[in-house]
Amino acid sequence: MKIIGLVTGPVQENCYLIWKEDFLLIVDPGAEAARLIAEIEKTGAKPAAILLTHTHYDHIGAVDHLRDYYQIPVYVSPLEQEWLSDPMKNLSGRHPELGPITARPAEIELELKEHEIAGMSFKVVATPGHSIGSVSFIFDKFVVSGDALFKGSIGRTDLPTGNLEQLLTSIQTQLFVLPNQMAVYPGHGEPTTIEIEKRTNPFFNA
C-alpha cells in the first residue's frame with residue numbers, strides 16, 4: 001500500500017492519497033481540486049472513496065469537486081455530518097476572505113470499526129478533542145491522524161467542541177497503543193512515528 005501527502009490551501013492542510021493496486025482512497029481533500037486530480041491521475045489508480053478525519057473547512061474544500069468528478073462516496077463521522085453544509089460549524093464562516101466553504105452531506109457515516117473499501121482495510125477510531133467528531137484511520141503500517149496528533153504537537157483545542165483533556169486522552173488511548181514503528185500522517189506538517197511522539201512530544205513529556 002502506498003501513501004503520498006499533498007499540501008493544499010492557505011492553511012497548508014495535508015490531503016493524502018492512499019492506494020493499492022488498482023484503487024485509491026482520498027483523505028481530507030482540503031483545496032486545489034485540479035492539482036489533486038492531476039496527482040491522482042499519476043498514480044494510475046481509480047478513486048473509490050473520500051474519507052474525512054473531520055470537517056473543518058481546510059479539510060473539505062475540494063470534497064464536492066472530487067466526489068462529482070470521480071462519482072465516489074464520502075465517508076464522515078455522524079457527529080460532524082451537518083458541519084459539511086454549515087459554514088459556521090466548519091469554521092469557514094469565521095474567515096470571510098475565503099468565502100463560505102461547504103460540501104453536500106456525506107453518503108456514508110463512519111462506524112468505529114474495521115472497514116474495507118476496494119480491497120483496502122483500515123480501522124476507524126474516535127480521536128475527539130480537536131473537534132467532537134474527529135477520527136483517525138489506522139492502516140497496516142501507518143495511521144492518518146487528522147488534526148489530533150502532529151509531529152511535536154497536538155491539534156488546537158480552543159475551537160468549538162474542542163477539549164484539551166479529551167484530546168490528550170484520545171491520543172493516549174487510541175494512538176499511543178499502536179506499534180512504536182507505526183508511521184503517523186497528520187493533517188498539517190510532517191509525518192512522524194508513534195515512538196517519536198511518545199518519547200518527545202512536549203504535551204506528553206512535560
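**Learning to read the model**

Trainee: In strand 14, which residue is the bridge partner of Val-184?

Mentor: That partner is Thr-192. Keep in mind that this is a predicted model.

Trainee: What makes strand 13 and strand 14 a pair?

Mentor: Two strands pair if at least two bridges are found between them. Strand 13 (residues 183–186) and strand 14 have two bridges, in the antiparallel sense, so they count as a pair.

Trainee: Why is the sheet with the order 7-8-9-10-13-14 called open, and what is its pairing?

Mentor: Its six strands have mixed pairing. Strand 7 (114–117) and strand 14 (192–193) each have a single partner strand, so one side of each lacks a neighbour in the sheet.

Trainee: How do you know that the length of helix 3 agrees with what is expected?

Mentor: Helix 3 covers residues 164–175, and at 1.5 Å a residue its 12 residues should span 16 Å. The C-alpha atoms at its ends are 16 Å apart, so the two values agree.

Trainee: Which residues of helix 3 are buried, and what puts them on the same side?

Mentor: They are Leu-167, Ser-170, Ile-171 and Leu-175. These residues cover an arc of only 95° around the axis, which puts them on the same side of helix 3. Among the elements that cover them are strand 9 (135–138) and helix 4 (194–200).

Trainee: Why is the contact of Lys-42 and Glu-39 called a salt bridge?

Mentor: The cut-off is 4 Å between a side-chain nitrogen of Lys or Arg and a carboxyl oxygen of Asp or Glu. Lys-42 and Glu-39 meet at 3.2 Å, N to O, so the pair qualifies. They are three residues apart in helix 1 (residues 33–43), which means a separation of about one helical turn.

Trainee: Is Lys-42 buried or exposed?

Mentor: Exposed means over 50% relative accessible area. Lys-42 has 63%, so Lys-42 counts as exposed.

Trainee: What makes Arg-67 buried and Glu-107 partly exposed?

Mentor: Buried means under 20%, and partly exposed lies between that and 50%. Arg-67 is at 3%, so Arg-67 counts as buried, while Glu-107, at 46%, counts as partly exposed. The two form a salt bridge, with their closest N and O atoms 2.9 Å apart. Glu-107 lies in the loop between strand 5 (74–76) and strand 6 (108–109) and Arg-67 in helix 2 (residues 63–70), so the pair ties together parts 40 residues apart in sequence.

Conventions. Residues numbered from 1 in each chain as written. Predicted model: local features only at pLDDT ≥ 70, side-chain atom pairs only at ≥ 80, totals over all residues. Heavy atoms only, no water. Helix = DSSP H or I, 4+ residues; strand = E, 2+ residues; numbered from the N terminus. Expected span 1.5 Å × (residues − 1). Buried < 20%, exposed > 50% of the residue type's maximum accessible area, 1.4 Å probe, protein only. Arc of directions from axis to C-beta. Contact = heavy atoms within 4.5 Å.
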